[in-house]
Amino acid sequence: MQQESREAEVSEVNPKWWKESVVYQIYPISFMDANGDGIGDLRGILSKLDYLQDLGVDVIWVCPIYKSPNHDNGYDISDYCDIMKEFGTMDDFDLLLREMHSRGMKLMMDLVLNHTSHEHPWFVESRSSKDNPKRDYYIWRQGKNGGPPNNWESYFSGSVWELDPRTDEYYLHLYSRFQPDLNWENPAVIDKLHEMVEWWLKKGVDGFRFDAIAHIVKAEGYPDALNPGGTPTVRAYDMFSNLEHVHTLLQNLHDKVLYYYDIMTVGETSGLGPEQALDYVGDGRRELNMTFQFEHMNLDAASPGSGKWDVVPWKLTDLKRIISDWQTVLHNRGWNANYLCNHDQPRSVSRFGNDLFYRIPSAKMLATFIHMLEGTPYIYQGEELGMTNVAFESIDDYRDVETLNYYEEKRKNGIPEADIMAAIHIKSRDNARTPMQWDDSDEAGFTTGVPWIRVNSNSREINAASSVKDPDSIFHYYKKLIQLRKKHQVIVYGEYGLLLEEHPEIYAYTRTLEDQRLLVILNFYEQEPVFELPEEFQPAGKMELLISNYPPVKEEDLRQLKLRPYEARVYLQHISTSS
């Protein structure tokens, strides 16, 4: 009878392996260097698979490893079907894939379909002449009034257009000038990309994270954006983000290629809310399993995109509103991808926690927050160690193209150096790209050579070796969260309910599935507010403490619970389902 009841419970929630998985993101260049050249590589990842297996993750998302001149750390691909020589060979990749599968882990590739490198053979041909057969593989336009074709601004500052003197025409690049956008209006381009995607699937990869997929369609005619300020360029995101035809193209990709493989897919889709996200991930849409949303990533920014550098204070009530909206709108209609950090964002403990006096409890609290939400949790490398932002004194120590472009632009505009560096210390993508801190040796055990970017100076105190040995570490707390998720279906599929909506310090929510209910209590600050247990919990069944980042206090009153700085608690309660 218990088995029948369990099967009935699971069948009601439309179980999928990718819903029940925990994903670990690897930024290869910074993860582990096996050959001493200062650059992380595939053999380095291979050497750490046992560590990842011990952590308990199910899926490993690897950022781009394709052949690339590396102007944007691999997101500028020059050959989709080859490996960047610094990372290794295709034989190394095949071995890595086999070893992951042998440990019961899956591999999700990071695939860039919006643009290529300017060194890709397609673009080399495309720019050679106006009548080249591959000219229309990319987006070329004549200038206007002695300048670019329109006033759109690049994500990396400046115009999206680059004048190519060979043919005296401009090509479009939403990111850097080394990343020309592909022309998805050309059927030949679509066919080539479909063939390439299937080539990887036949190799046995288990899914894709589609980079910048929301941008593959641009506004018809490439019109100027409204420009009331009269600036040279405008953040014209509505001209190239989430346009309707994107869905037609994704459905086409699904029906012709993805449908035939049991894989997971996640799209990078900035600039949308949960209702729009359902156009990508809604049941029956035939597009993606989940998307990365960016609303909570913009909480501390004056505006999205390049406005991220103008840092503003964020409010917990705003975070509750955003997360609750996504949790409730997508429930039983789509699926969330939950994260607080990735290769493009600052370290979560430095951004949403306290990386000085309360680094360990706040890192554990943030982990509890993400892993107890409905959706697939994503761990970014080093997050399980509580790795922090870095503050290099000199711009010469930074490597990120977006950061360097921002620095140069602000210097030209006369902004003081100290103000520029202060923004970089908070928001640079290099905060998440410093080498993984494996031990307390020189270069944090990442390399025996000179690392491509400097190691964070706190690696002596914050590293994997000490964390694995310490049963009370952030690493072991993550292990327990992952184990709980595999044990309790309510953590995966339970319906979300927000408590204390307007409380400025406490984020509390429930997850309910049939006769089980979770109570998640999170203190996001260093003060000690009192959590008052709602009436509906008090007469119900016994509450079992599943996990906490502090030792429980003896004889405490759960009805009036004084929370410690950055405290997190999760309770499980069996409730009556009768009316």
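Trainee: Which residues are linked with Asp72 in a network of salt bridges?

Mentor: In this predicted model, side chains of opposite charge are worth looking at together. Such side chains can pair when their charged atoms come close. Here a network of salt bridges joins Asp72 with Lys308, Asp344, Asp400, Glu402, Arg429 and Arg433.

Trainee: Within that network, how far apart are the closest N and O atoms of Arg429 and Glu402, and which parts does the pair tie together?

Mentor: The closest N and O atoms of Arg429 and Glu402 are 3.4 Å apart, and the two residues form a salt bridge. Arg429 lies in the loop between helix H14 (417-427) and helix H15 (464-469), while Glu402 belongs to helix H13 (residues 401-412), so the pair ties together parts that are 27 residues apart in sequence. The parts tied together are therefore the H14-H15 loop and helix H13.

Trainee: Is Arg429 buried or exposed?

Mentor: A residue counts as buried when its relative accessible area is under 20%. Arg429 has a relative accessibility of 7%, so Arg429 is buried.

Trainee: Are Glu99 and Arg103 buried, partly exposed or exposed?

Mentor: The side chains of Glu99 and Arg103 meet in a salt bridge, at 2.8 Å from N to O. Partly exposed residues fall between the limits of 20% and 50% relative accessible area. Glu99 has 26% relative accessibility and is therefore partly exposed, and Arg103, with a relative accessible area of 22%, is likewise partly exposed.

Trainee: What is the relative accessible area of Arg209, and what is that of Asp211?

Mentor: Arg209 and Asp211 also meet through their side chains in a salt bridge, 2.8 Å from N to O. Both count as buried, with values of 1% for Arg209 and 6% for Asp211.

Trainee: Which side chain of opposite charge is nearest to Glu505, and how far away is that side chain?

Mentor: Glu505 sits in the loop between strand E14 (495-499) and strand E15 (506-513). Leaving out residues up to four places away in sequence, the residues that Glu505 touches include Leu316, Leu522, Phe524 and Pro529. Glu505 is buried yet has no salt bridge, and the nearest side chain of opposite charge is Lys320, at 9.6 Å.

Trainee: Which residues touch the most other members of the largest nonpolar core?

Mentor: In soluble globular proteins, nonpolar side chains tend to be buried together. Phe369 is in contact, beyond its neighbours within four places in sequence, with residues including Leu319, Ile323, Leu340 and Tyr507. Among the 178 residues of the largest nonpolar core, those touching the most other members are Phe93, Phe369 and Tyr378.

Definitions and conventions:
Residues are numbered from 1 along each chain as its sequence is written. This is a predicted model: local features need pLDDT of at least 70, side-chain atom pairs count only at pLDDT 80 or more; totals for chains, interfaces and linings use all residues. Side-chain values use heavy atoms; hydrogens and water are left out. A salt bridge is a side-chain nitrogen of Lys or Arg within 4 Å of a carboxyl oxygen of Asp or Glu. Buried means under 20% relative accessible area, exposed over 50%, partly exposed in between (1.4 Å probe, protein chains only). Helices (H or I, at least four residues) and strands (E, at least two) are DSSP runs, numbered from the N terminus. A nonpolar core is a set of buried Ala, Val, Leu, Ile, Met, Phe, Trp, Tyr and Cys residues joined through side-chain atoms within 4.5 Å. Contact means heavy atoms within 4.5 Å. Lys and Arg count as positive and Asp and Glu as negative; His and the chain ends are not counted.
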